[in-house]
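Student: I have a protein open on my screen, and I would like to learn how its labels are earned. Could we go through them together?
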Amino acid sequence: MAEWRTVKNRDTGQVVLGRARLCVSFWSHFKGLQLAPPLPDEEGLLFVTKRDNRTETAIHMFFMRFSIGVIWIDSQGRVVDKRLAKPWRPYYAPSQPAQYFIEANPGILDRVSIGDHLVWDDPSATAT
């Protein structure tokens, strides 16, 4: 059963993403948005890794049918990088180590700046 979070800017209280599906398991990381239909504007995926790093938070865009906005967040909740990821590109990685990343519609890139602090409830919860 999927678990959902609301992602907000800690300083302004602005909702960055209304529905973020928590992705903790190997399978949810592996599948991501591959072969999925485009997302509603306020929906995305919130991926959780065990520690700040660049390797485990890198993504590919194989088997993707649309561009996405990707936000990388460190263990303190600080946005360390953001990028527009285009279909069929082999590799996107954050410029700084991150523990979390969000995949959503490209519009999310307009709602977040590098250095912003994001919050959501209980990011360590188990999900599919």
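**How the labels are earned**

Tutor: Gladly! The protein has two helices and seven strands, where helices (H or I, at least four residues) and strands (E, at least two) are DSSP runs, numbered from the N terminus. This is a predicted model, in which local features need pLDDT of at least 70, side-chain atom pairs count only at pLDDT 80 or more, and totals for chains, interfaces and linings use all residues. Residues are numbered from 1 along each chain as its sequence is written, and side-chain values use heavy atoms, leaving out hydrogens and water.

Student: In what order do the helices and strands come along the sequence?

Tutor: The pattern reads β-β-α-β-β-β-β-α-β.

Student: What makes the protein as compact as a globular protein of that length?

Tutor: The globule rule is 2.2 Å times the number of residues to the power 0.38, and the radius of gyration is taken over C-alpha atoms. For 128 residues the rule gives 14 Å, and the protein has 13 Å, close to that, so the description fits.

Student: Why is the pair of Phe47 and Phe101 called stacked?

Tutor: Rings of Phe, Tyr and Trp (its six-membered ring) pair if their centres lie within 6.5 Å; planes under 30 degrees apart count as stacked, over 60 as edge-to-face and the rest as tilted. The centres of Phe47 and Phe101 are 4.4 Å apart and the planes meet at 10°, so this pair is stacked. Phe47 sits in strand β3 and Phe101 in strand β6, 54 residues apart.

Student: How do you know whether Phe47 is buried or exposed?

Tutor: Buried means under 20% relative accessible area, exposed over 50%, partly exposed in between (1.4 Å probe, protein chains only). Phe47 has 1%, so Phe47 counts as buried. Phe101, at 3%, is buried too.
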